[in-house]
Amino acid sequence: MDLLNRPASGGSDSALHRIVIVGGGAGGLELATRLGDTLGRRKQGAITLIEKTRTHVWKPKLHEIAAGSMDMGVHELDYLAQAHWHHFRYRIGEMVGLDKERHEVLVAPYVDNEGQEVTPQRVFGYDTLVIAVGSQSNDFGTPGVAEHAMRLESAADALRFHSRMVNACIRGHAQNTALRPEQLQVAIIGAGATGVELAAELHRTTREVVAYGLDCVDADKDIRVMLIEAAPRVLPALPPRLSQATEDLLTKLGVKVYTDAKVARVESAGVRLADGRMLPAELIVWAAGVKAPDFLKDIAELETNRINQLVVKPTLQATRDDDIFVIGDCAACAWPEANHGKGGLVPPRAQAAHQHASHMIKQIRRRMSGRPLLDYRYRDFGSLVSLGEFSTVGNMMGGLIGGSVMIEGLFAGLMYVSLYKMHELALHGFSKVAMETLARTITRRTEPHVKLH
């Protein structure tokens with residue numbers, strides 16, 4: 001076998017059960033960490049995590065990085081270091097192919113920012129494969145989105161938006177001519193959780209950026225954040241009362257909310273609506289809809305749905321291959337309890353990825369010992385949306401009690417923070433999380449509220 005096609009096991013544990021996890025998001029990294037702490041540490045299994053980036057940031061935090069209200073350096077996690085600490089292997093690269101018969105994953109060459117090849121094309125053999133590649137935004141074929149709109153799919157996207165936002169403020173301050181109609185106007189397309197959270201954060205951080213000496217820009221007069229939603233209300237997944245309360249707060253903050261507003265096209269200087277209206281904007285963010293990565297569509301003849309998700313059995317196994325499991329946003333996992341018994345799919349949320357990872361710990365142990373696998377049941381703990389320092393809204397418990405308990409304010413904010421703490425606990429354990437939380441609390445008092453990268 002030549003070097004190119006030789007399975008890249010990465011070590012001398014070929015006699016062990018090979019568990020390959022593709023994707024280092026919330027579910028994939030939690031699974032690799034917990035399997036490494038048990039099977040990997042005890043030399044009972046060889047765990048490999050394949051991920052195309054070097055560092056991990058919890059995806060629900062991306063809007064804070066984009067707005068500049070969170071220091072990414074404090075919250076990002078290096079995959080190579082995590083793998084060393086928790087007894088699994090990290091291999092950089094992007095999955096581009098799958099050979100079910102040979103039990104091999106094809107990974108593309110990794111090329112750095114300077115165009116230099118760091119690793120060649122590689123093949124990784126597996127006994128159990130877990131696909132956890134998450135989701136990406138879905139532009140539904142809307143013209144101009146790819147050319148003119150930014151997305152928040154990664155930390156790099158968030159940093160790019162933040163840089164452009166700060167540069168726009170500096171440009172507006174320095175120029176001697178009047179502002180163009182689109183200058184310092186931000187259009188966010190999609191009023192789901194990401195869009196609403198970004199709009200609320202931007203209201204505060206843009207004003208703080210201007211307050212750092214950009215006195216030629218009048219934040220209240222010159223800067224406008226627009227939130228555009230095709231549905232009749234913002235946060236359509238939440239109860240109407242919470243949607244209305246959120247819209248009222250956003251309006252009070254100065255965010256211009258457009259509902260029942262379908263986007264016809266995105267242009268270089270704004271957003272054209274289906275009714276003909278033109279909304280001038282210098283910065284445009286697409287935050288409407290999600291789909292699984294395009295490369296999954298019919299990969300290796302596995303069953304997929306219309307948004308590229310891999311269809312799974314109740315055990316989280318792919319419907320056409322029992323050696324392949326799928327977790328997180330890229331899994332089309334049935335949720336019979338949804339919609340009052342009418343059926344549906346588990347929603348693409350961080351809590352679902354966390355639950356998938358916890359279930360897969362048991363599944364892999366049972367699989368390795370030859371015991372029957374267990375069916376997965378999604379437990380809906382509701383939805384929470386952070387409006388930064390202004391408020392948090394949501395509905396808790398969801399399907400667990402056959403209804404929703406609507407919560408707002410401080411308690412909702414504490415629950416929102418707890419979701420992130422659960423993720424940190426899964427990755428680091430109690431002692432480290434407690435110490436780091438204390439350190440962040442102390443240093444936060446002396447740090448600026450907004451980051452200027």
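Student: In this model, which residue in E24 stands opposite Gln317?

Tutor: The model is a predicted one. Strand E23 covers 317–318, and two bridges join E23 to strand E24, residues 321–326. These two strands run antiparallel. Opposite Gln317 stands Phe325.

Student: What is the strand order of the open sheet of six strands?

Tutor: The pairing in this sheet is mixed. Its edge strands are E5 and E23, each pairing on one side only. The order is E5-E2-E1-E11-E24-E23.

Student: How many bridges join strand E1 to E11?

Tutor: Strand E1 spans residues 17–22, and the two strands run parallel. Val20 has Leu129 in E11 as its bridge partner. The number of bridges joining E1 to E11 is four.

Student: Which residue in E24 is the bridge partner of Val130?

Tutor: Three bridges join E11 to E24, and the strands run parallel. Val130 belongs to E11, residues 128–131. Its bridge partner in E24 is Phe325.

Student: Which buried residues cover the two faces of strand E11?

Tutor: Take the faces in turn. Thr128 and Val130 are buried on one side. On the other side the buried residues are Leu129 and Ile131.

Student: Is Gly23 buried or exposed?

Tutor: Gly23 lies in the loop between E1 and helix H1, 26–40. Buried means under 20% relative accessible area. Gly23 has 6% relative accessibility, so it counts as buried.

Student: What separates the C-alpha atoms of Gly23 and Gly134?

Tutor: Beyond four places in sequence, Gly23 is in contact with residues including Leu49, Ile50, Ala132 and Val133. Gly134 is 111 residues from Gly23 along the chain. Their C-alpha atoms are separated by 7.2 Å.

Student: How many residues are in the largest nonpolar core?

Tutor: In soluble globular proteins, nonpolar side chains tend to be buried together. Here, Ile21, Leu31, Leu35, Leu98, Val105, Leu129 and Ile131 touch the most other members of the largest core. A second, separate core includes Cys169, Ala191, Leu250 and Leu283, and has 41 residues. The largest core has 54.

Student: Leaving aside neighbours within four places in sequence, which residues is Leu31 in contact with?

Tutor: Leu31 is among the core members that touch the most others. Its contacts include Ile21 and Val130. The full set is Ile21, Val130, Ile327, Ala357, Met360 and Ile361.

Student: How many disulfides are there?

Tutor: A disulfide needs two cysteine sulfur atoms within 2.5 Å. Cys169 is buried, at 2% relative accessible area. Cys216 is exposed, at 52%. The disulfide count is zero.

Student: Why does the pair of Tyr79 and Tyr90 count as stacked?

Tutor: The structure holds two aromatic pairs. In this one, the ring centres of Tyr79 and Tyr90 are 5.3 Å apart. Planes under 30 degrees apart count as stacked. The angle between these planes is 25 degrees.

Student: Which helix and which strand does the pair of Tyr79 and Tyr90 link?

Tutor: Both rings are buried: Tyr79 has a relative accessible area of 3%, and Tyr90 one of 8%. The two residues are eleven apart. Tyr79 is in helix H4, residues 79–85, and Tyr90 is in strand E5, residues 89–92.

Student: What is the arrangement of the rings of Trp335 and Tyr378?

Tutor: Trp335 and Tyr378 are both buried. They sit in loops, 43 residues apart. Their ring centres are 4.9 Å apart and their planes stand at 90 degrees, so the pair is edge-to-face.

Student: What is the order of the open sheet of five strands?

Tutor: Pairing in this sheet is parallel. The edge strands are E13, 150–151, and E16, 256–258, each pairing on one side only. The order is E13-E20-E14-E15-E16.

Student: Which residue in E16 is the bridge partner of Leu227?

Tutor: Three bridges join strand E15, residues 224–228, to E16. The two strands run parallel. The bridge partner of Leu227 is Val257.

Student: How far from the ring centre of Tyr258 is Lys256?

Tutor: Strand E16 covers 256–258. Lys256 lies over the face of Tyr258. The distance from the ring centre is 5.6 Å.

Key
Residues numbered from 1 in each chain as written. Predicted model: local features only at pLDDT ≥ 70, side-chain atom pairs only at ≥ 80, totals over all residues. Heavy atoms only, no water. Buried < 20%, exposed > 50% of the residue type's maximum accessible area, 1.4 Å probe, protein only. Core = buried A, V, L, I, M, F, W, Y, C linked by side-chain atoms within 4.5 Å. Contact = heavy atoms within 4.5 Å. Phe/Tyr/Trp six-rings, centres within 6.5 Å; stacked < 30°, edge-to-face > 60°. Lys NZ or Arg CZ within 6 Å of the ring centre and 35° of its normal. Pairing = 2+ DSSP bridges.
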